[in-house]
Amino acid sequence: MTQTTTSPAIPPAWQARASAKREAILSAIPTEWRIPAPIPTPDIQPNVTGKYIQQYLSPREIEITESNAETIVSHTTKGTWTAVEVASAFCHRAALAHQLVPCLLEIFFNRALSAAKELDSYFTTHQRPLGPLHGLPVSLKDQFHISGVETTMGYVGWIDTFEGKPRTSLPPHERDQESELVRLLRANGAVFYCKTSVPTTLMAGETCNNILGYTYNPLSRQLSAGGSSGGEGALLALRGSTVGFGTDIGGSIRVPAAFNGIYGLRPSAGRLPYEGAANSMDGQNTILSVVGPMATSVQGLKLLVQAVLAQEPWFVDPLVVEMPWRHAVEERVRAGAEGKGLTFAIMEDDGTVKPHPPVQRALGLVRLLLEQIGHRVTDWNPPSHATAFDIAMQAWHMDGGTDVQAHRALAGEEQLPECFLRPSEHLNAAQVAALNVKKRNYQKAYMDYWNSTATLTGTARPVDALICPACPSVAVRPGRFKYGVYTTFVNVLDYSSAVFPVTKVDRAVDGEHRSGAPLGEMDAEVQSDYDCDDCHGAPVALQLVGRRFEEEKVLSLVEYIQGLINEATQRM
């Protein structure tokens, strides 16, 4: 009898390509910044924030990286901190962050230090900062193009190309484009040093791609960092950055902000420039993806938005509305806060899925704080958010998945389960038009409902803002993100919204599940995932929603509420 042997399977070529890119990212980290092996596994060391990452940093590096953006620029714009020492500290901490939680798709520390040196020289020569962000390190989601730096957006097929196209096949002026946001930030004095991980296709509530793998939550490496700006969220949570930019088409800024205990702003489409950034389904305009800041403080969000708007982005992006920062809106919010004349609506649940106990507790806490001050709080019973989600799903699938599948096919890479877009039927022009009409009618119905709350507030004015969950859960276990309607309805309406941390999960308080009978099949599925032991200590965040182009109002209200939360925490 002839004995046959089976040759080992040869891995597909895309795996070697992804591995080489992964190793190239690691090799960009200086040897002296490498963490000695072995790094403890997540079950042994789940939380790598705080004292754990601090052990690899000097006291001066800790002081710099644990300052918020507004503090950093108060030093760098006066020359009391040099741009070089600030950039070096953040490059070091970002390098550590990536080794603990894979979160960086691009590392270019040497370029950052060179740019910082030029800023210091400028300050020495002119005795003034280049701009309001002088010397401030800014991280970017890997959709934004920087000259001389690759953009893969998580696609193996984009490695060594420009958006999947061989650079040699492009005209010279197209081979090395920059996003307009990058140019505006650089003109303000920002320093770029890394780009953060995204899920392949961008369309996912968790961050996973075939280059880096899964991005875990640094507060518990057994949980998710969220998506699609999950790399950005993880980096900020580890203080490897203090401010950065993400994008949001269904919650991609707000979910990672909520999961990682940071702040994130989803502005209305046309407030901040998207021009020159890579994207999925480019040209789909029923629901536009928007650019927004993420930060370790609400003041950091305001700093970035104000700096970008001061550069008049409506002259470089044809879709940006000419709307400078409106200080008068901030003043009206402050007056309303001082006069105890603000009105809020709180949505306990959306009628389909109830939030888990920690999120319910956060809603109750914020309601109590506002009512104790004397502000009016009412309930919220709007047009069905299920309708909004149906509109969004049709919009995201209108091309039948052609765009994202084509980019995945460039290298023949496998589609990861976290990315939910699958091939489907195309919508024809008449169907797209009907979908746009459906969206417009929904927006009108929601507007009418919001206006109707003037009869409930006692002020003859509609509510100033809606407060609701950003997600029914806190950070989920990998593969368990199931319900994104709490953020997606905002994208359909194109409202301004921001996420802010409120508290943390406490198994002693949140241990007993009190949801009662499920609202339906999806609610039962989401509730079955709740385990307070799994998420003990995880951040609990909420979302504050304003109307279209109310970014100043939304951020001012979040700043005010955060002050109330901080005061209450200090009294405990």
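1. A residue is called buried here when its relative accessible area is under 20%, exposed when it is over 50%, and partly exposed in between. On that scale Arg 186, at 34% relative accessibility, counts as partly exposed, whereas Glu 178, with a relative accessible area of 12%, is buried. The side chains of these two residues meet in a salt bridge, with a distance of 2.8 Å from N to O. The model is a predicted one, and the remarks that follow should be read with that in mind.

2. The sheet deserves a description of its own. Eleven strands make up an open sheet of mixed pairing, and their order across the sheet is 1-3-2-8-10-9-14-15-13-11-12. The edges are formed by strand 1 (104-107) and strand 12 (376-379), each of which pairs on one side only. From one strand to the next the twist averages 25 degrees. Helix 8 (residues 230-237) packs on this sheet, where it touches strand 1, strand 2 (137-141), strand 3 (191-196), strand 8 and strand 10, and the direction of helix 8 makes about 120 degrees with that of strand 3.

3. Within the sheet, two pairings can be set side by side. Strand 8 (residues 243-248) and strand 10 (residues 290-295) run antiparallel and are joined by six bridges, and in this pairing Phe 245 of strand 8 stands opposite Pro 293 of strand 10. Strand 2 and strand 3, on the other hand, run parallel and are joined by four bridges, with Lys 195 of strand 3 as the bridge partner of Leu 140. As a general matter, strands of a sheet pair through backbone hydrogen bonds, either parallel or antiparallel.

4. How many of the five residues of strand 2 are buried? Five of the five are, so strand 2 is largely enclosed by the rest of the structure. Pro 137, Ser 139 and Lys 141 point one way from strand 2, while Val 138 and Leu 140 point the other way, and the residues of both groups are buried. This arrangement can be read against the general rule that in a regular strand the side chains alternate between the two faces of the sheet.

5. Helix 16 (residues 485-493) gives a similar reading on burial: nine of its nine residues are buried, so this helix is largely enclosed by the rest of the structure. Among the buried residues of helix 16 are Tyr 486, Phe 489 and Asn 491. Just after helix 16, Asp 494 takes a positive phi of about 60 degrees, a detail that a reader may wish to inspect in the model.

6. For the packing of helices, consider helix 4 (residues 69-76) and helix 10 (residues 298-310), whose axes come within 8 Å and cross at roughly 55 degrees. An angle that is neither under 35 degrees, nor over 145, nor from 65 to 115 counts as oblique, and helix 4 is therefore oblique to helix 10. Ala 69, Glu 70 and Val 73 of helix 4 make the contact with Gln 299, Gly 300 and Leu 303 of helix 10. By class, the residues of this contact divide into three nonpolar, two polar and one charged.

7. The count of salt bridges in the model comes to 32, and Glu 552 takes part in two that are described here. Arg 271 forms a salt bridge with Glu 552, the closest N and O atoms being 2.7 Å apart. Since Arg 271 lies in the loop between strand 9 (263-266) and strand 10, and Glu 552 in helix 19 (residues 551-571), the pair ties together parts that are 281 residues apart in sequence. Arg 271 is buried, with a relative accessible area of 1%, and Glu 552, at 0% relative accessibility, counts as buried too.

8. Arg 326 also forms a salt bridge with Glu 552, and here the closest N and O atoms are 2.7 Å apart. This pair links distant parts of the chain, with Arg 326 in the loop between helix 10 and helix 11 (327-338) and Glu 552 in helix 19, 226 residues apart. Arg 326 is partly exposed, with a relative accessible area of 28%. Elsewhere, a network of salt bridges links Arg 477, Arg 480, Lys 482, Glu 525, Asp 529 and Asp 534.

9. A last point concerns Thr 201, which is placed in the loop between strand 3 and strand 4 (208-209). Is Thr 201 buried or exposed? With a relative accessible area of 3%, Thr 201 is buried. Apart from its neighbours within four places in sequence, Thr 201 is in contact with Tyr 155, Ser 280, Val 404 and Cys 419.

How values were computed:
Residues numbered from 1 in each chain as written. Predicted model: local features only at pLDDT ≥ 70, side-chain atom pairs only at ≥ 80, totals over all residues. Heavy atoms only, no water. Pairing = 2+ DSSP bridges. Axes fitted to C-alpha atoms, helices over the stretch in contact; angles between N-to-C directions. Contact = heavy atoms within 4.5 Å. Nonpolar A, V, L, I, M, F, W, Y, C, P; charged D, E, K, R; others polar. Salt bridge = Lys/Arg side-chain N within 4 Å of Asp/Glu carboxyl O. Buried < 20%, exposed > 50% of the residue type's maximum accessible area, 1.4 Å probe, protein only.
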